[in-house]
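I sat down with this one over coffee and kept notes as I went. Here is the page, in the order I looked things up.

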Amino acid sequence: MKSTSLSLIAGTVALAAVTGFAALTAPGDGGTAPAKTAARLPVERSSLLCPAPGLSDLAETTYTSFTPAGGSGGEAGTAELLMSTATTSDGTKKDEKKDEKDEKDEKDKKKAGPGKPVVALKEPGRPATAEASGADAPALVGTATGRLASGWTAQQTTTVEAGGGRGMLGLSCTGPDTDFWFPAASTAKTREDYVHLTNPDDTAAVADIELYGPDGSLKSDVGEGITVPAHSSVPVLISTLTSEVAEDVTVHVTTRTGRVGAVVRTADDETGSDWLAASTGPTDTLVLPGIPADATSVRLVAFATGDGDADLTVKLIGKTGAISPVGNESLHVKSRMTAGVDLKDITKGEAGSLLLTPAGGKKNTPVVAALRVVRGTGDKREVGYIPATGPVGARATVADNRDKGSVLSLTAPGATATVKVTASAGSGGGEQTVKKYTVKGGTTLAVTPPVPSGLKGGYALTVETESGGPVHAARTLTLTQNGIQMFTVQTLPDDRGTVEVPTAEQDLSVLDD
């Protein structure tokens with residue numbers, strides 16, 4: 001009986017490491033054993049999805065895959081990003097002819113799964129990269145196992161020098177889920193926004209897309225029951241889902257069956273394009289970190305997901321403390337409606353982060369939020385997006401940093417905190433560098449991050465909380481092209497690279513027969 005009990009423990013630990021959840025029950029006791037302590041173990045499997053970066057023949061894309069060093073135990077594992085089965089905006093496969101392949105061929109294709117590896121990571125602590133060009137670059141689906149799974153991250157960075165899709169489009173590839181919120185999308189005439197849905201699994205997923213404007217739900221008859229085939233990606237043009245035009249739209253993606261990765265690709269005739277990542281889940285307090293010091297226009301878009309209205313206090317957390325933007329000290333968000341407010345050049349030469357809290361300190365209706373940020377003036381303007389994000393937590397990583405053009409923003413909305421920042425080895429050579437920063441409570445610290453010694457290629461930044469209160473972080477990557485400061489901002493939420501596994505208080509040796 002003793003060996004059976006120990007096998008149960010091992011199985012529980014393995015389940016937790018893979019799924020993030022486990023409960024330990026001794027045989028015959030009919031309930032969960034009381035937890036004495038909780039051990040944290042690295043996850044042993046994780047998934048990431050990168051949307052198709054194309055829509056322009058001028059697109060140049062860099063993929064970067066990275067897992068932080070320092071993991072222990074477990075198998076070496078693998079981490080690969082594979083080509084998905086490409087699809088068009090109406091959901092049909094690009095390689096299907098009008099005389100579709102017979103049923104047997106289609107079944108064989110599904111069994112084959114995703115295509116060849118585009119990026120294969122070999123070891124923790126050193127990024128792997130790959131390049132793609134043109135409008136036909138596919139979406140990628142990926143899985144990491146063993147020691148490469150804990151903290152695995154991937155960055156997709158695309159530059160388009162001219163045209164309607166001009167800009168630097170950056171994205172931390174997303175994990176699959178069933179529920180996503182995207183404030184700051186639009187159905188305006190000058191915008192062309194797509195929701196990209198990518199399915200990592202062996203069976204089809206079915207998704208619904210709901211749109212909400214300033215007056216509530218936007219009427220749509222075609223946003224329901226969108227099929228995303230196995231190992232495939234489907235882009236959906238938002239403006240085709242409704243005839244209503246709205247500057248500020250909140251997109252809500254859910255799945256009826258299966259899981260997807262979801263992200264919005266925005267494009268504006270005047271300010272270029274970028275990816276809009278999902279906001280952190282609905283809550284009454286939000287932090288939106290990393291507003292560039294030279295932002296010329298900042299627009300806040302929020303959505304109240306509950307049955308009641310939300311009254312928010314708006315504050316900019318800067319280098320020396322928090323201020324209330326004159327004329328925009330508060331924001332009222334009606335239930336199930338989208339609210340937008342122009343904060344103009346709120347940072348005025350000093351990088352900062354936005355903090356949204358319940359007005360009067362009362363518990364509020366949950367909200368989601370994002371910022372639309374513009375740098376430059378006239379025909380030199382460039383847009384980027386900052387969604388509300390969770391804290392760094394134990395550890396968070398962003399890949400594809402360069403020797404120049406990276407800024408790391410660290411915000412401590414509460415107590416003072418100390419973080420350790422590790423600049424990894426370069427993808428082509430160099431040694432990692434470590435530096436610690438203290439972020440005073442109620443301030444934002446914007447720094448040029450450390451660069452690996454002898455750097456060749458790109459590198460990753462890993463931020464770890466060492467002491468104090470929560471820290472929210474974002475990385476801004478800037479590339480100047482033809483006098484335009486192309487940029488993109490990625491937030492750094494906790495990578496959830498470990499999972500808490502309860503340890504039984506009971507001495508299982510008593511179960512021995």
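These entries cover one strand with its partners, then one arginine and the sheet around it.

**Entry 1: the model.** I am working from a predicted model, and I kept that in mind throughout.

**Entry 2: strand β17.** I began with how covered this strand is. β17 spans residues 261–268, and 8 of its 8 residues are buried. I then checked the two faces separately. On one side I found G261, V263, R265 and A267, and on the other A262, V264, T266 and D268; both sets are buried. I noted that R265 and D268 are in that list, on opposite faces.

**Entry 3: partners of β17.** Which strands pair with β17? I found β11 (residues 194–198), which runs antiparallel to β17 and is joined to it by 5 bridges. As a landmark here I wrote down T198, whose bridge partner in β17 is G261. I also found β18 (residues 272–276), again antiparallel to β17 and again with 5 bridges. My landmark for this pair is V264, which has L276 of β18 as its bridge partner. I followed the chain from β17 into β18 and saw a hairpin with 3 residues between the two strands.

**Entry 4: R375.** Next I turned to an arginine in strand β26 (residues 367–375). Is R375 buried or exposed? Its relative accessibility is 8%; buried means under 20%, so R375 counts as buried.

I wanted to know what its side chain meets. There is a polar contact with the side chain of D294 at 2.8 Å. Another, at 3.4 Å, goes to the side chain of Q485. Setting aside neighbours within four places in sequence, I listed the residues in contact with R375, among them P292, T296, K380, E382, T476, T478 and F487.

**Entry 5: the sheet around β26.** I wanted to place β26 among its neighbours. It belongs to an open sheet of 4 strands, ordered β24-β20-β26-β27, with antiparallel pairing. The edges are β24 (338–344) and β27 (382–387); each has a single partner strand, so one side of each has no neighbour in the sheet. I also noted the turn between neighbouring strands of this sheet, which averages 20° with direction ignored.

Looking at one pair in detail, I found 9 bridges between β26 and β20 (residues 295–304), in the antiparallel sense. One of the bridge partners brought me back to my arginine: A295 is matched with R375 in β26. A295 is also on the contact list of R375, a neat place to close the page.

Definitions and conventions:
Residues are numbered from 1 along each chain as its sequence is written. This is a predicted model: local features need pLDDT of at least 70, side-chain atom pairs count only at pLDDT 80 or more; totals for chains, interfaces and linings use all residues. Side-chain values use heavy atoms; hydrogens and water are left out. Buried means under 20% relative accessible area, exposed over 50%, partly exposed in between (1.4 Å probe, protein chains only). Two strands pair if DSSP finds at least two bridges between them. A polar contact is a pair of N or O atoms within 3.5 Å; within protein, one must be able to donate a hydrogen and the other to accept it, and residues adjacent in sequence count only if both atoms are side-chain atoms. Contact means heavy atoms within 4.5 Å. Axes are lines fitted to C-alpha atoms, for helices over the stretch in contact, and angles run from 0 to 180 degrees between N-to-C directions.
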